[in-house]
Amino acid sequence: MDALINGLIEILKPIGITEPVFQFMLVNAILGVSIYLTLYCGLFSLANAGFMAIGAYVGVILTQSFDLPLFGALLGGMIAAGLIAIPIGIPTLRLRDIYLAIATIGFGEIVRIMILNFDDFVGSILTLVQGERVRFTLIEGARGIKGIPKLTESWHLILFLLILMFFLTRLHHSRLGRAMTAIRQDEIAAASMGINVVYVKNVVFIMSAILAGAAGVFSGHLTRIVTPQAFGFDKTVDILAFAVLGGTSTWFGPIVGGLVLTALPESLRFLKEYRGVFTGLVLLVVIVYLPGGLINTTSWSKFIRRFTNRPESPPDENSGHSTTRAN
Amino acid sequence: MLELINVSRGFGGVQALSGVSLSVPPQRIVGLIGPNGAGKTTLINNVSGLDHPNGGQILFDGQPIEKEPSHRITRLGIARTYQNIRLFGEMTVRQNLLVGQHSLGRANILEAVFFSPRYRREERQYRARAEELLERFGLASVAGMAAGNLPYGDQRRLELARALATEPKVLLLDEPTAGMNPTETKALGEHIQDLRNDGLSILVIEHDMSLIHQVCDEIYVLNFGQIIAHGTSDEIRTDPVVIEAYLGRDDDGAA
């Protein structure tokens, strides 16, 4: 497996993708799937960065303070994120669309601010209990936890992603997967098919949180430092961009979105300070010309027609009389 | 089978249903007619758990269900169709029928991941039942099409088939023939009678009187949220109260 990965890195090196970049691409692919799950069920949730932070901190504390191996930390981070998703999901998932987005952004901010003040908070409680001033340091507030060993290996990420892909294909062939699609298309009709809409939404939210938590654990052991600033609102927007670029018609879309959007700024290093502009431009072009995302056959066929000036084929029955279309 | 006792539902100042009592006996087709805004759809919404009454009781097999949410009512055995079709438009016709069988299965996601015997057995049953329904409603040739692209009549039939996929004991049909031509209406009427003969109890809301007279064993007439008449098709047709509700009173008294 190692030889295979090294070979792949050698091939990718000329376009600016070194092994660390490659690893971040894979982490971001996991994040893409995390937001895909909620979008697939019609939930516009932006809590992913918050759950990623929880996963990262829990994972890093488990390996650093409790000497657990990465696998143990991974499980711990996933479980922690999943458990926290339960009380968050039950009240917020009653909200729809933009309201859910706002509520979940709020959750992300709460996580970030709690991380900032966690040590002082615990310290002041200990001070009260013991009657003398106690300094408590575990997660170091805004300074972040430093000196984390780089435990995440490429094969961990590839294996995780492969298992995840298998899980997703199975999901699509299961009752739960069909229920998720049904809820996205028509919640009321889904309920009258006997689908417990609230339950399914919560399960999906928890699954999404678990994945974000896993991505957090991996990234914490890649960057060697975790700070609350890394999991702010801009991270949430990045994650959403993976889903927008790749498209959410299949699970493969957000994976590609995560890979491409992470690789792009590195491949464009020769553009120096303009590379951000170019990345933004790519995103904009995709949104305008391929509204279904990169991985969507219908949006590509529309795109190709647009530039070959062919009429819509096959002509649909309703507009069969007119051969020309406005524009 | 299904019994409403003094069911009321008000929205602010509007009393959509006031003290409605009706019953759908086993293996009967009960029609519910009434002018626009009489509260017919509100009544079906209340029975199917989409909305809940302010007062009164709804009994299904003697068990009160007026507080149950939609999905629980479906699981108990009451299925419905909608006046403005609510199919899963992006799914194929077959997938719509698979979703309809959601509540019949028990296999969870882990069983699907590991191909457990129960998962495989259930999936086989879903597929077989879907094929059966496709055949029965003449949808086999369009099974792979997106439901949203079907012609209107097919969409109506698919919605009925999907409601049947939940294996109901009682079926609530909200204007099943809206937008259908007379031939399609007649064919649908025969389908509804077949379903009754298979053992279903059916409550049908309809504007098309030809369907009502074709299929209904008994009819309730609703006006301004109240039941104003109840009887067989012939009794309703000649009831002066019903004629007044539909056509208005003849003030001059001259016939």
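**Exercise 1. Place V285(A) and describe the surface around it.**

V285(A) is part of helix 12 of chain A; helices are DSSP runs (H or I) of at least four residues, numbered from the N terminus. This is a predicted model, in which local features need pLDDT of at least 70, side-chain atom pairs count only at pLDDT 80 or more, and totals for chains, interfaces and linings use all residues. Residues are numbered from 1 along each chain as its sequence is written, chains are lettered from A in the order in which they are written, and side-chain values use heavy atoms, without hydrogens and water.

Next, look at the patch: V285(A) helps make a nonpolar surface patch of about 800 Å², with F278(A) and F307(A) among the other members. Patch residues have over 30% relative accessible area (Shrake-Rupley, 1.4 Å probe) and no salt bridge, and their nonpolar side chains are joined within 5 Å. Helix 12, residues 275-289, supplies the largest share, 7 residues.

**Exercise 2. Work through the chain A and chain B interface.**

Step one, the contacts: 24 residues of chain A touch 31 residues of chain B, counting heavy atoms within 4.5 Å.

Step two, the area: the two chains bury about 2500 Å² between them, 60% of it on carbon and sulfur atoms. This is the accessible area (1.4 Å probe) lost on being put together, summed over both. On the chain A side, R175(A), R178(A) and M193(A) lose the most, together 32% of what that side buries.

Step three, the charges: there are 3 salt bridges between the chains. R178(A) forms a salt bridge with E123(B) at 3.1 Å, N to O; the cut-off is a Lys or Arg side-chain nitrogen within 4 Å of an Asp or Glu carboxyl oxygen.

Note on methods. Patch = residues over 30% accessible without salt bridge, like charges linked within 9 Å, V, L, I, M, F, W, Y side chains within 5 Å. Helix = DSSP H or I, 4+ residues; strand = E, 2+ residues; numbered from the N terminus.
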